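Here's a quick look at charge pairs and a surface patch. Have the viewer open while you read.

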Amino acid sequence: MPRLCVLLAWAFLAHPGLAAAQEDQACCGPIVPRREWKAVASECDQKLNLPVDFVVVSHTAGSSCNTPALCQQQAHNVQHYQARTLGYCDVAYNFLIGEDGLVYEGRGWNIKGDHTGHFLNPRSIGITFMGNYMERSPPPRALRAAKNLLACGVARGALRPDYQVKGHRDVQKTLSPGDQLYEIIQTWPQYHK
């Protein structure tokens, strides 16, 4: 078993909030599946043509969460707002990142998101950090979860090896992903404005 898988397995057992998470099939670490955060069934059916070229990073600009229970509730709240109030077919994002250091499955790797508009949605994976990052940064464990997710996307063939990271504000008129998070992602090697 590769060393990374051993470390992930150890973290999976040692972290009390990971009981609900499942290791991704490509040894990409724990991703909390939709059923565990009690997602309403998706009505989305438009598949992504993988691998995609872009990752768009946003923030929800709402409440943050730092425990699995709070993050599961927050993921559910985001889905409820986007599906019921905005009329989307599901939560808009492919994945949501909690301050608990876990990744929450949104639409997943295969379904087109509704996070950035008609041009980039079919060509990107949308990840959002749950919280408002205008004045503060996400904790290191949340940033690690996001970076591990992106490495997972490459390993699974969902992201091109030369994919580009963009901030939500790079592609739409918005303050997302917040000033502090935007400053951080600009230091990532895959970032391109």
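## A partly exposed tyrosine

Y81 has a relative accessibility of 45%, so it falls in the partly exposed class. Keep in mind that this is a predicted model. Y81 sits in helix α2, which covers residues 68-85.

Together with L86 and Y88, Y81 makes a nonpolar surface patch of about 280 Å².

## A buried bridge across the chain

Scan the whole structure and you get eight salt bridges. One of them joins D90 to R34, with 2.8 Å between the closest N and O atoms. This pair ties together distant parts of the chain, 56 residues apart: D90 is in the loop between α2 and β4 (95-97), while R34 is in the loop between β2 (30-32) and β3 (52-59).

Are these two partners buried or exposed? D90 has a relative accessible area of just 1%, so it is buried. R34 comes in at 15%, and it counts as buried because the cut-off is under 20%.

## Other charge pairs

R169 and D179 also form a salt bridge, with the closest N and O atoms 2.9 Å apart. That pair links helix α4 (residues 168-171), home of R169, to helix α5 (residues 179-185), home of D179, and the two residues are ten residues apart. R169 is partly exposed at 23%, and D179 is partly exposed at 34%.

K112 and D114 meet through their side chains in another salt bridge, at 3.7 Å from N to O. Here K112 is buried at 14%, whereas D114 is partly exposed at 24%.

Finally, there's a salt-bridge network: D53, R123, R160 and D162 are linked in it.

Conventions. Residues numbered from 1 in each chain as written. Predicted model: local features only at pLDDT ≥ 70, side-chain atom pairs only at ≥ 80, totals over all residues. Heavy atoms only, no water. Patch = residues over 30% accessible without salt bridge, like charges linked within 9 Å, V, L, I, M, F, W, Y side chains within 5 Å. Areas by Shrake-Rupley, 256 points an atom, 1.4 Å probe, with all protein chains shown as cover. Salt bridge = Lys/Arg side-chain N within 4 Å of Asp/Glu carboxyl O. Helix = DSSP H or I, 4+ residues; strand = E, 2+ residues; numbered from the N terminus. Buried < 20%, exposed > 50% of the residue type's maximum accessible area, 1.4 Å probe, protein only.
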